[in-house]
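Here are my notes on this one, written as numbered points. Have the structure open beside you as you read.

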Amino acid sequence: YKALKPSRYSYSDIKKITGNFSEKLGEGGYGTVYKGKLSNEVFVAVKVLNNSKGGGEDFINEVGTIGQIHHVNIVRLVGYCADGYRGVLVYEFLPNHSLEKFTSSENERNLLGLEKLHNIALGTAKGIEYLHQGCEQRILHFDIKPHNILLDQNFNPKISDFGQAKLCSKEQSAVSMTAARGTMGYIAPEVFSRNFGKVSHKSDVYSFGMLLIEMVGGRKNIKIGGQDNSAEAYFPEWIY
């Protein structure tokens, strides 16, 4: 943790840290996350990536972007492993999982309480502002959503998952993109159709707005045809 730059681990180090991948924390399209231990006091989350698309572009993106960042509202990259075709990211371990757990269940949301939700919203906003204004180059995250906001033991939020991030200079008002990035329901309109205007750091602000609405409204408020599937995509229509 003390090193300013993330450490590079071998695959056998990763096996040791995770106790041979014994405790799985979660799984997604990107790969699988395991709990690991650097010492008796220091726990980590180890993300083993699937063979990522574009020759490991997501992996290089994440290490390159987040490796230099130190901010209280951005998850800390402790190390990585680039061993042959395997890409592994080692993060600080955050015991309260992601914000999604609290937005998708009414009971969990009530347990958290409005004051904590408010602090989570503010902390997330500070993290996004730091990415946009506080780094040498502006970092556009492009995948702000509850699943990517992790919570520490005091429920302080930390933005994670920089696989889709893009760097640009602060003078640049618009960024060029070859394909849409992000998750349906949170993507700003201009990201998937240029008819709506230019893609910029404001696209993250749109996704943050969606996240806020979800925090306030809870997904269970809207059921389409009695089902919960991708309900969050209809929030703007619902508000309108």
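1. A definition before anything else: a charge counts as sitting over a ring if NZ of Lys or CZ of Arg is within 6 Å of the ring centre and within 35 degrees of the ring normal. Lys35 is a case to look at, as it lies over the face of Phe43, 4.8 Å from the ring centre. Keep in mind throughout that this is a predicted model.

2. Now the overall picture. The protein has eight helices and 10 strands. Of its 240 residues, 45% are buried. Among contacts with a separation of 6 or more, 59% are between residues 24 or more positions apart. About 12700 Å² is exposed, and carbon and sulfur atoms supply 51% of that area.

3. On to the sheet. Six strands make up an open sheet with mixed pairing, and the order reads β1-β5-β6-β4-β3-β2. β1 (7–8) and β2 (24–28) each have a single partner strand and stand at the edges, so each has one side without a neighbour in the sheet.

4. How is β1 held to β5 (residues 77–83)? The two strands run parallel and are joined by two bridges. In one pairing to check on screen, Ser7 has Gly79 in β5 as its bridge partner.

5. Helix α5 deserves a close look. α5 covers residues 114–134, and its 21 residues should span 30 Å at 1.5 Å a residue; the end C-alpha atoms are 28 Å apart, which agrees with that expectation.

6. Which residues of α5 are buried? They are Leu117, Ile120, Ala121, Gly123, Thr124, Gly127, Ile128, Leu131 and His132. These buried residues pack against two helices, α4 (106–112) and α7 (202–217), and against the strands β7 (138–140), β8 (149–151) and β9 (157–159).

7. Last, the aromatics. The count here is four aromatic pairs. One of them is Phe102 with Phe155, an edge-to-face pair with 5.8 Å from centre to centre and 80° between the planes. This pair links distant parts of the chain: Phe102 belongs to helix α3 (residues 100–103), while Phe155 is in the loop between β8 and β9, 53 residues apart. Both Phe102 and Phe155 are buried.

8. One more item on rings: Tyr11, Phe21 and Tyr34 are linked into a cluster by ring pairs.

Definitions and conventions
Residues are numbered from 1 along each chain as its sequence is written. This is a predicted model: local features need pLDDT of at least 70, side-chain atom pairs count only at pLDDT 80 or more; totals for chains, interfaces and linings use all residues. Side-chain values use heavy atoms; hydrogens and water are left out. Helices (H or I, at least four residues) and strands (E, at least two) are DSSP runs, numbered from the N terminus. The expected span of a helix is 1.5 Å times one less than its number of residues. Buried means under 20% relative accessible area, exposed over 50%, partly exposed in between (1.4 Å probe, protein chains only). Contact means heavy atoms within 4.5 Å. Accessible areas come from the Shrake-Rupley method with a 1.4 Å probe; for residues, only the protein chains shown count as cover. Two strands pair if DSSP finds at least two bridges between them. Rings of Phe, Tyr and Trp (its six-membered ring) pair if their centres lie within 6.5 Å; planes under 30 degrees apart count as stacked, over 60 as edge-to-face and the rest as tilted.
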